[in-house]
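Work through these exercises on helix packing. Try each task before reading its solution.

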Amino acid sequence: MLPIEQVIVLTKLMIKPGLSFILLKNDNITTAFRILNNTVTYCCDEGAYDDGWFFLGMMKKLAGHPRQFYERMKVLSLEGLLAYYSRPRQIALDMIHKALQVCYLVGGQEVYQRERQAFVRVLEDDELKYVTNF
């Protein structure tokens, strides 16, 4: 894996200039979203939270496209993850709870389990119990 600084610069070079063109085609949105998803997650792992919030903002723009339902759910999860590391803990847990509840209600069991699993390695046992209690 590249150092976080290189990942941030490369992602900005790939995504930012063409963001307006990405919205023209669904395949482009999906590809850009995957890149941004990986970058935000890596920013969390490396403690680059300000950069993570920047890229999450780009993801929110992409998720606003009418056909991007799953992506909107993913933005909620990543927003909770970033908040967990960089905001008051209870606010973050409430955000994660909301994201997982949405996944459970409308995304089906497979989507819910995948999103829940992403938090298993991050949250304490009592926090995981709190965010999955619905």
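The exercises below cover two helix pairs and one single helix.

This is a predicted model: local features need pLDDT of at least 70, side-chain atom pairs count only at pLDDT 80 or more, and totals for chains, interfaces and linings use all residues. Residues are numbered from 1 along each chain as its sequence is written, and side-chain values use heavy atoms, without hydrogens and water.

**Exercise 1.** Describe how helix 1 packs on helix 4.

Solution. Two packed helices are described by the angle between their axes and the distance between the axes. Helix 1 (residues 4-15) and helix 4 (residues 49-63) pack at about 20 degrees, with axes 12 Å apart. Helix 1 is therefore roughly parallel to helix 4 (angles under 35 degrees). Next, find the contact (heavy atoms within 4.5 Å). Ile8, Thr11, Lys12 and Ile15 of helix 1 meet Asp51, Phe54, Phe55 and Met58 of helix 4. By class, this contact has 5 nonpolar, 1 polar and 2 charged residues.

**Exercise 2.** Check the length of helix 4, then list its buried residues.

Solution. The expected span is 1.5 Å times one less than the number of residues. For the 15 residues of helix 4 that gives 21 Å; the end C-alpha atoms lie 20 Å apart, which agrees. Buried (under 20% relative accessible area, 1.4 Å probe, protein chains only) are Gly52, Trp53, Phe55, Leu56, Met58, Met59, Leu62 and Ala63.

**Exercise 3.** Give the axis geometry of helix 5 and helix 6.

Solution. The axes of helix 5 (residues 69-86) and helix 6 (residues 89-120) come within 8 Å. They cross at roughly 145 degrees. Their contact divides into 17 nonpolar, 3 polar and 6 charged residues.

Terms used
Axes are lines fitted to C-alpha atoms, for helices over the stretch in contact, and angles run from 0 to 180 degrees between N-to-C directions. Helices (H or I, at least four residues) and strands (E, at least two) are DSSP runs, numbered from the N terminus. Angles under 35 degrees count as roughly parallel, over 145 as roughly antiparallel, 65 to 115 as roughly perpendicular and the rest as oblique. Ala, Val, Leu, Ile, Met, Phe, Trp, Tyr, Cys and Pro count as nonpolar, Asp, Glu, Lys and Arg as charged, and the others, Gly among them, as polar. Buried means under 20% relative accessible area, exposed over 50%, partly exposed in between (1.4 Å probe, protein chains only).
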